[in-house]
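Welcome! Take a moment to look over the sequence and the 3D view, and then let us walk through some of the details together.

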Amino acid sequence: MKRACVSVDLDGLQHYARIHGLGEAALDARTRGLHLTLALPRLLALFAVQGLKATFFVVGEDVRGEGAEVLHRAVQAGHELASHSHTHPYALARASASFVEEELARAEEALKAVSGVHPEGFRAPGYTLSSTLLGALVRRGYRYDASVFPAVPYYLAKAAVLGGMGLLGRSSASSLDSPAVLLAPRQPYAPDVHQPYRRGTAPLWELPMAVTRRLRVPFFGTLVTSAPAWAVRGAYRGVVRDDFLSLELHAVDVLDAADGITKALVRRQRDLGVARALKERRLAEVLSWLARDFTLCTLGEAARGLTPASR
Ligand SMILES: [Zn+2]
């Protein structure tokens, strides 16, 4: 059975401010909560049209107040909550074992409080894995990891941006992954705990984000909302024949400048400058393609449907 999963990284705008070297102080408390108070209800409405059950990767420390209420609504509507760490540290893949354990444990506690269950899945901040991190996921009983993004243009663009910022003397919170990720399998695999981007025998599934067959162009939210329509159709042709497709979205895919986001951030994060109505139309169209060509399910359901024989 061909399965497609839609997941959303619920990243607060302060993490974008950090990537762009703006400093978290550039954003007020309201703006820091928009990914849950404004973007999440919009996403729930968008997904309800296709009857789509999605996976939301949640930053543990965000589970409070109004944000926790909206997350609870998502759970009641049948969506999956998975862990995106507790504080979204971009350097998690370089962190010590004890720091990693604490990030995972605190996020699990926060997610359990709102969903009632231990999360089954994890996605690393900035998509970067390490053997320490993967080993901790295995020990803590995760069924899957969804951090691998084996996309060549994404890797090159990130390298260029970080290189440019280095030349300008600005510091970014983001960090560059090992080039080994570019050779990682495009379809679900059991990873090697010591080399997470290679096949091995770890008792959990790696569920990579969609990239096209030949050129490894990422088929993800930013492309869907911001690239020319012909490029979106072309990239889809490069993934539609796969048995497994993981479409990754972000909260910013349904936010725009009209939501009262500070101009300095809109200038730097260019997809915030694209009108929300246009982005939502694009997303709705792609979701209808997925519903036509695949069976839609959460990442947790996809991982449960995989058998050891498909390793
Ligand atoms: Zn993130």
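## A tour of selected sites

Arg 42 and Asp 259 are joined by their side chains in a salt bridge, with 3.0 Å from N to O. Arg 42 belongs to helix 2 (residues 29-50), while Asp 259 sits in the loop between strand 9 (244-250) and helix 9, so this pair ties together parts that are 217 residues apart in sequence. Please keep in mind that what you are looking at is a predicted model. Are the two partners buried or exposed? Arg 42 is buried because its relative accessible area is 16%, and buried means under 20%. Asp 259 is buried as well, with a relative accessible area of 9%.

**More salt bridges**

How many salt bridges does the structure hold? There are 12 salt bridges. In general, side chains of opposite charge can pair when their charged atoms come close. Three of the salt bridges are set out here, each with its N to O distance.

| Positive partner | Negative partner | N to O distance |
|---|---|---|
| Arg 42 | Asp 259 | 3.0 Å |
| Arg 140 | Glu 101 | 2.7 Å |
| Arg 106 | Glu 102 | 3.6 Å |

The side chains of Arg 140 and Glu 101 meet in a salt bridge of 2.7 Å. This pair links distant parts of the chain, with Arg 140 in the loop between helix 5 and strand 5 and Glu 101 in helix 4, 39 residues apart. Arg 140 counts as partly exposed, at 24% relative accessibility.

The salt bridge between Arg 106 and Glu 102 stays inside one element: both residues lie in helix 4, 4 residues apart, about one turn of the helix. Arg 106 is partly exposed, with a relative accessible area of 40%, and Glu 102 is also partly exposed, with 44%. Salt bridges that share partners also build one network, which joins Glu 101, Glu 108, Arg 139 and Arg 140.

**Helix 5 and its surroundings**

Which residues of helix 5 are buried? They are Leu 133, Leu 134, Gly 135, Ala 136 and Leu 137. These buried residues pack against helix 4 (97-115), strand 4, strand 5 (144-145), strand 6 (191-192) and strand 7 (195-199). After helix 5 comes Gly 141, which has a positive phi, near 85 degrees.

Most residues other than glycine have a negative phi. With that in mind, have a look at Tyr 127, a residue other than glycine whose phi is positive, near 65 degrees. Tyr 127 lies in the loop between strand 4 (121-122) and helix 5 (131-139), and it counts as buried at 8% relative accessibility. Arg 216 also has a positive phi, near 55 degrees, and is not a glycine either. Its place is the loop between strand 8 (205-206) and helix 7 (221-226), where Arg 216 counts as buried at 15% relative accessibility.

**The zinc site**

What coordinates the zinc ion? Asp 11 does so through two entries for OD, together with NE2 of His 84 and NE2 of His 88, at 2.1 to 2.4 Å. His 84 and His 88 are buried. Along the sequence, the donor residues follow the spacing D-x72-H-x3-H. Why is the arrangement irregular? The 4 donor atoms subtend angles of 56 to 130 degrees around the zinc ion, and four donors count as tetrahedral only if all angles lie between 85 and 135 degrees. For comparison, the ideal angle for four tetrahedral donors is 109.5 degrees.

**Two buried acidic residues**

Asp 271 is found in the loop between helix 9 (263-268) and helix 10 (276-293). Asp 271 is buried yet has no salt bridge, and the nearest side chain of opposite charge, Lys 279, is 5.5 Å away. A salt bridge needs the nitrogen and the carboxyl oxygen to be within 4 Å. What Asp 271 does have is a polar contact of 2.9 Å between its side chain and that of Gln 269. Beyond its neighbours within four places in sequence, Asp 271 is in contact with Thr 222, Ser 226, Val 252, Asp 253 and Lys 279.

Glu 280 is found in helix 10 and counts as buried at 19% relative accessibility. Not counting residues up to four places away in sequence, Glu 280 touches Arg 42, Leu 46 and Val 254. The C-alpha atoms of Glu 280 and Val 224 are separated by 9.7 Å, and these two residues are 56 residues apart along the chain.

Methods
Residues are numbered from 1 along each chain as its sequence is written. This is a predicted model: local features need pLDDT of at least 70, side-chain atom pairs count only at pLDDT 80 or more; totals for chains, interfaces and linings use all residues. Side-chain values use heavy atoms; hydrogens and water are left out. Buried means under 20% relative accessible area, exposed over 50%, partly exposed in between (1.4 Å probe, protein chains only). Lys and Arg count as positive and Asp and Glu as negative; His and the chain ends are not counted. A polar contact is a pair of N or O atoms within 3.5 Å; within protein, one must be able to donate a hydrogen and the other to accept it, and residues adjacent in sequence count only if both atoms are side-chain atoms. Contact means heavy atoms within 4.5 Å. Donors are N, O and S atoms within 2.8 Å of the metal (3.2 Å for Na, K and Ca); water is not among the atoms, so sites may look incomplete. Four donors count as tetrahedral if all angles lie between 85 and 135 degrees; four count as square planar and six as octahedral if opposite donors are over 155 degrees apart and all others between 65 and 115; anything else is irregular.
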